[in-house]
Amino acid sequence: MYFATWNDFFVPLIYLTRTQVFTVPVALNSMVDSETQTGVGMLFAMSLLSLVPILIFFAVAQKYLIRGIATTGLK
């Protein structure tokens, strides 16, 4: 049920009006001017910054994630 809305772009774009509550994809989209395509460099930089928490989580929990994957087929 929740996975269907994980990568949803249009619903937050329609319902969210304040920039303080934008989701990451909507905020990244708002940085690029659609007519002149300016701000693409900033878009790439912010995309990389949005990946930092995910990479930190993976680095911290890698041992547990790999252990869970390895023990899945051992029944």
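Does F10 count as buried or exposed, and what is its relative accessibility? At 57% relative accessibility, F10 counts as exposed. Keep that in mind for the close-ups below, which come from a predicted model.

**View 1. The whole protein, before we zoom in.** Here's the big picture: the protein has three helices and zero strands. Start at the N terminus and walk along, and the elements read α-α-α. The C-alpha atoms take up a box of roughly 55 × 30 × 20 Å along the principal axes. A compact globule of 75 residues would have a radius of gyration near 11 Å, whereas this protein comes out at 17 Å. Just 7% of the 75 residues count as buried. As for the outside, the accessible surface adds up to about 6800 Å², and 70% of that belongs to carbon and sulfur atoms.

**View 2. Two phenylalanine rings, F9 and F10.** How many aromatic pairs does the count come to? The answer is one aromatic pair. Its partners are F9 and F10, and their arrangement is edge-to-face. The ring centres are 5.4 Å apart, with 75° between the planes. Edge-to-face is the right label because the planes have to be over 60 degrees apart for it, and this pair has 75°. The two residues also get their own exposure labels: F9 is partly exposed, with a relative accessible area of 22%, while F10 counts as exposed at 57%. Why does F9 miss the buried label? Buried means under 20% relative accessible area, and F9 has 22%.

**View 3. M31 and the residues it touches.** Now hop over to the loop between α2 (24-30) and α3, where M31 is found. M31 counts as partly exposed, at 26% relative accessibility. Which residues does M31 contact once its neighbours within four places in sequence are left aside? They are T38, G39, M42 and M46. Take M42 from that list: M42 lies in helix α3, and M42 and M31 are 11 residues apart in sequence but 7.5 Å apart in space, C-alpha to C-alpha. For another distance from M31, try R18: these two are 13 residues apart along the chain, and their C-alpha atoms are separated by 14 Å.

**View 4. A nonpolar patch with M42 and V52 in it.** This close-up shows a nonpolar surface patch of about 540 Å². Its members are M42, M46, L49, V52, I56 and V60. V52 is found in helix α3, which covers residues 40-70. Both M42 and V52 can be in the patch because patch residues need over 30% relative accessible area: M42 is partly exposed with 45%, and V52 is partly exposed with 35%. M42 may look familiar, as M42 is also one of the contacts of M31.

**View 5. T19, out in a loop.** Where does T19 sit? Look in the loop between α1 (10-15) and α2. T19 counts as exposed, at 57% relative accessibility. To get a feel for the spacing, pick V40 as a reference: T19 and V40 are 21 residues apart along the chain, and their C-alpha atoms are separated by 19 Å.

Technical notes
Residues numbered from 1 in each chain as written. Predicted model: local features only at pLDDT ≥ 70, side-chain atom pairs only at ≥ 80, totals over all residues. Heavy atoms only, no water. Patch = residues over 30% accessible without salt bridge, like charges linked within 9 Å, V, L, I, M, F, W, Y side chains within 5 Å. Areas by Shrake-Rupley, 256 points an atom, 1.4 Å probe, with all protein chains shown as cover. Salt bridge = Lys/Arg side-chain N within 4 Å of Asp/Glu carboxyl O. Helix = DSSP H or I, 4+ residues; strand = E, 2+ residues; numbered from the N terminus. Buried < 20%, exposed > 50% of the residue type's maximum accessible area, 1.4 Å probe, protein only. Rg over C-alpha atoms; globule rule 2.2 N^0.38 Å. Phe/Tyr/Trp six-rings, centres within 6.5 Å; stacked < 30°, edge-to-face > 60°. Contact = heavy atoms within 4.5 Å.
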